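Work through the following exercises with the sequence and the model at hand, and try each task before reading its solution.

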Amino acid sequence: MSFFERYEFFKFERRGKVLNIILNNPDKLNAFSEEGHRELSRVFFDVAEDLDSEIIVVTGAGRAFTAGGDLEYMQKLRDNPELMHRTIREAKRFVYTLLDCEKPVICKVNGDAIGLGTTLSFLADITFSTEDAKFGDPHNNVALIAGDGGSVIWPQLMGYARAKHYLFTGEVLKGKQAEDMGLIHKALPAAELDAAVDAYCDRLLAMPMQSVRWTKQVINIPLKQLAHSMMDAGMAYEHIAGQTDDHQEAINAFRERRKPVFTGK
């Protein structure tokens, strides 16, 4: 059985030696459900072993890249500590396997990439987006912390002073701003996105791919060291934050379409 058949949240398409991973829950803006998060934790391990591809492209179905975490999944994590323990393992595995994957991973951000979507976009090797796509990490807005990789990668790309502001406040950046700050490779009009990513993939495929892979492996050594030194603490704090009254208030407020009232408890 092909590994493709084990996935529900993701679908896969090939263009020669390019394997497209498509986040495929457009009715919910590709928000990560419990199953989607589980699949994310293993997809980069599986595609790294795919003998028919040299480059991985990640994109979203519909009008969003991903809206981040699914609301009902957040509630389940709060109510079920055993599920949260598994999710912590999955979050670490996602970051480690993405950084370990020798193949170039290119994100094609076709719409908003929020929370985990921003982490995925910034940890990828090369990211293209539409000019209007929004990036942001709103963990603090729901009384959590950016423990699932955001606190690892944001400061490396934009410096600590700016990263602290954006991770504290959850303020969003549009694609062009992200490009100007060095967070992504390029922002383009939506009509030009597909062609630009295809052309970039073809440019890489014309190169000696083994040396491209090894270059990635060397560049990622300090990122992997940093991730391994931070992820346990980050996810532990996120677990603690998920049990606070403020986090439940954020979930309730989102359901009731109102602003949350936080008490620091």
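**Exercise 1.** Locate His-239 in this predicted model, and decide whether His-239 is buried or exposed.

*Solution.* The first step is to place the residue: His-239 belongs to helix α10. The second step is to compare its relative accessibility, 18%, with the limit for burial, which is under 20%; because 18% falls below that limit, His-239 counts as buried. The third step is to list its neighbours, and here His-239 touches Met-84, His-85 and Ile-88 once residues up to four places away in sequence are left aside.

**Exercise 2.** Describe the course of helix α10, and state which elements its buried residues pack against.

*Solution.* Begin with the span: α10 has 21 residues and reaches 30 Å from its first C-alpha to its last, which is close to the 30 Å expected at 1.5 Å a residue. Next, follow the axis, where a kink of about 40° is centred on Met-230. Then pick out the buried residues of α10, among them Leu-223, Ala-227, Met-231, Gly-234 and Met-235, as well as His-239 from the previous exercise. Finally, trace the partners of these buried residues, which pack against α3 (81-100), α5 (150-158), α9 and α11 (245-255).

**Exercise 3.** Determine how the axes of α9 and α10 cross, and name the residues that make the contact.

*Solution.* The axes of α9 (residues 209-219) and α10 (residues 221-241) come within 4 Å of each other and cross at roughly 45°. That angle makes α9 oblique to α10. On the α9 side the contact is made by Gln-217, Val-218 and Ile-219, and on the α10 side by Ile-221, Pro-222 and Lys-224. Sorted by character, the residues of this contact divide into four nonpolar, one polar and one charged.

**Exercise 4.** Examine Arg-213, and establish which residues distant in sequence Arg-213 touches.

*Solution.* Arg-213 is found in helix α9, and with a relative accessible area of 19% Arg-213 is buried. Leaving out residues up to four places away in sequence, Arg-213 touches Ser-53, Glu-54, Glu-102 and Lys-103. As for separation, Arg-213 and Ala-191 lie 22 residues apart in sequence and 30 Å apart in space, taken from C-alpha to C-alpha.

**Exercise 5.** Identify the buried residues of α5 and their packing partners.

*Solution.* In α5 the buried residues are Gly-150, Val-152, Ile-153, Trp-154, Pro-155 and Met-158. These buried residues pack against α4 (116-123), β7 (134-136), α6 (160-169), β8 (173-174) and α10. After α5 comes Gly-159, whose phi is positive, near 90°.

How values were computed: Residues numbered from 1 in each chain as written. Predicted model: local features only at pLDDT ≥ 70, side-chain atom pairs only at ≥ 80, totals over all residues. Heavy atoms only, no water. Axes fitted to C-alpha atoms, helices over the stretch in contact; angles between N-to-C directions. Helix = DSSP H or I, 4+ residues; strand = E, 2+ residues; numbered from the N terminus. Parallel < 35°, antiparallel > 145°, perpendicular 65-115°, else oblique. Contact = heavy atoms within 4.5 Å. Nonpolar A, V, L, I, M, F, W, Y, C, P; charged D, E, K, R; others polar. Buried < 20%, exposed > 50% of the residue type's maximum accessible area, 1.4 Å probe, protein only. Expected span 1.5 Å × (residues − 1). Bend = angle between axes of the 7 residues up to and from the residue.
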